[in-house]
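Please follow this account with the sequence and the model side by side, since it moves from a single side chain outward to a sheet, a helix and a group of rings.

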Amino acid sequence: MVKTIYTIPIIIGEYEYEVGMSEKPYVYGKESLSVCHNHPGHEVQIIVSGSYKSFISDKLYNLKEGDIYVIKPFQYHSHNSCEPNNASCRFSFNISAVNIKRNNSFLNAISIFNFIKEDVIKLPSDTILKLVYSIIEEIKNRDSGYLEIVKNFLSSIIIYLARHEKNKDVDSNQEYSEHKSKKMDRIYNIEQFFYHNYFKSVFLEDLASELKVSSRQANNIMSELFGMSFSRKLEEIRIKNAATLLMFSNKNIKEISSACGFNSINYFYLIFKKQTGVSPSQYRNLNNK
């Protein structure tokens, strides 16, 4: 996961958002393979140039210049550039709602990230790309007041996304519900635990220690928040990362099995087919055509 450096408050009308960006929110050329991961807020990725493959919630997308994809909270994803050198570029930022007054009719438009159904958004790309290029130049040069200019450009991007969703048939009666802060924090902490430990030999007791609760309480928390046991969640994340490696790396299946925390390749084959419906080799062939 990329560490957030900039935290930029953005107010649009009566709605306040917090946008997080890394020190360098744009990436040129071939990247290191992204580990399958998730975030507590929404992430917006914009393909500025070239082409990418993105794995979002068990589905592979082939993306090209101008494509925008919105990753929902705690939605597993990974991405990989299809082109070498500096032929491709993507720009990303995270966004979360800080303060929303629900009695305003514009809620459904400006809170697009809570209602949006598709993963990849098709918009007229020229305007969005010009804004992204302007943000990249401001961050590169860092002239006086550059963060204020970046804030204005980001606000414009968010409004364009809102307009896109407002022009569609969005259910105005659908209620925006904020998760309680404590529950969201706990989900995030557990996801972070798995993100940093899925490739190790870890057990329910280790999670309990991390959460400072008993093993029994940790088991109940897993059931309440994720609807599954610790071991099932661990296997799920291991298989998601194995799927990412099968699609985007040249590692052989035995190497992938070991890299994702499986001590037995036979057990890896069994669990992989159980979760995906196909064997690892079949999965690789299907997703590399």
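The side chain of Gln45 makes a polar contact of 2.4 Å with the side chain of Glu43, a polar contact being a pair of N or O atoms within 3.5 Å, where within protein one must be able to donate a hydrogen and the other to accept it, and where residues adjacent in sequence count only if both atoms are side-chain atoms. A further polar contact, at 2.8 Å, joins the side chains of Gln45 and Arg90. This is a predicted model, in which local features need pLDDT of at least 70 and side-chain atom pairs count only at pLDDT 80 or more, while totals for chains, interfaces and linings use all residues. Residues are numbered from 1 along each chain as its sequence is written, and side-chain values use heavy atoms, with hydrogens and water left out.

Gln45 is found in strand S4 (residues 42-49), where helices (H or I, at least four residues) and strands (E, at least two) are DSSP runs numbered from the N terminus. With a relative accessible area of 1%, Gln45 is buried, a word that stands for under 20% relative accessible area, against over 50% for exposed and partly exposed in between (1.4 Å probe, protein chains only). Leaving aside residues up to four places away in sequence, Gln45 touches Asp67, Ile68, Tyr69, Ile71, His79, Arg90, Phe91 and Ser92, contact meaning heavy atoms within 4.5 Å.

One of these neighbours, His79, leads to strand S8 (residues 77-81), which is mostly covered, five of its five residues being buried. In a regular strand the side chains alternate between the two faces of the sheet. In S8, His77, His79 and Ser81 point one way and Ser78 and Asn80 the other way, and all are buried.

How is the sheet that contains S8 ordered? Three strands form an open sheet in the order S6-S5-S8, and the pairing is antiparallel; two strands count as paired if DSSP finds at least two bridges between them. The edge strands are S6 (59-64) and S8, each of which pairs on one side only. Neighbouring strands of this sheet are turned by 20 degrees against each other on average, direction ignored, with axes taken as lines fitted to C-alpha atoms, for helices over the stretch in contact, and angles running from 0 to 180 degrees between N-to-C directions.

Strand S5 (residues 51-56) is joined to S8 by five bridges, and the bridge partners in S8 include Asn80 for Lys53 and Ser78 for Phe55. Six bridges join S5 to S6, and these strands also run antiparallel; the partner of Ser51 in S6 is Lys64. S5 and S6 form a hairpin with two residues between them, and Ser57 in the turn has a positive phi of about 50 degrees.

Helix H8 packs on the sheet, touching S5, S6 and S8, and its direction makes about 160 degrees with that of S5. Beyond this helix, Ser249 is found in the loop between H8 and helix H9 (253-259), and Ser249 is buried, with a relative accessible area of 16%. The side chain of Ser249 reaches the backbone oxygen of Leu245 at 2.6 Å and the backbone nitrogen of Lys251 at 3.3 Å.

The aromatic residues come next. The structure holds 10 aromatic pairs, where rings of Phe, Tyr and Trp (its six-membered ring) pair if their centres lie within 6.5 Å, and planes under 30 degrees apart count as stacked, over 60 as edge-to-face and the rest as tilted. The rings of Phe194 and Phe230 have their centres 5.3 Å apart and their planes at 35 degrees, so the pair is tilted. Because Phe194 lies in helix H5 (residues 181-197) and Phe230 in helix H8 (residues 230-248), the pair ties together parts that are 36 residues apart in sequence. Both Phe194 and Phe230 are buried.

Another tilted aromatic pair is formed by Phe262 and Phe268, at 5.2 Å centre to centre and 55 degrees between the planes, and both residues are buried. Phe262 and Phe268 belong to one aromatic cluster together with Tyr267, Tyr269, Phe272 and Tyr283. The charged end of Arg238 sits over the ring of Phe262, 5.7 Å from its centre, the criterion being NZ of Lys or CZ of Arg within 6 Å of the ring centre and within 35 degrees of the ring normal.
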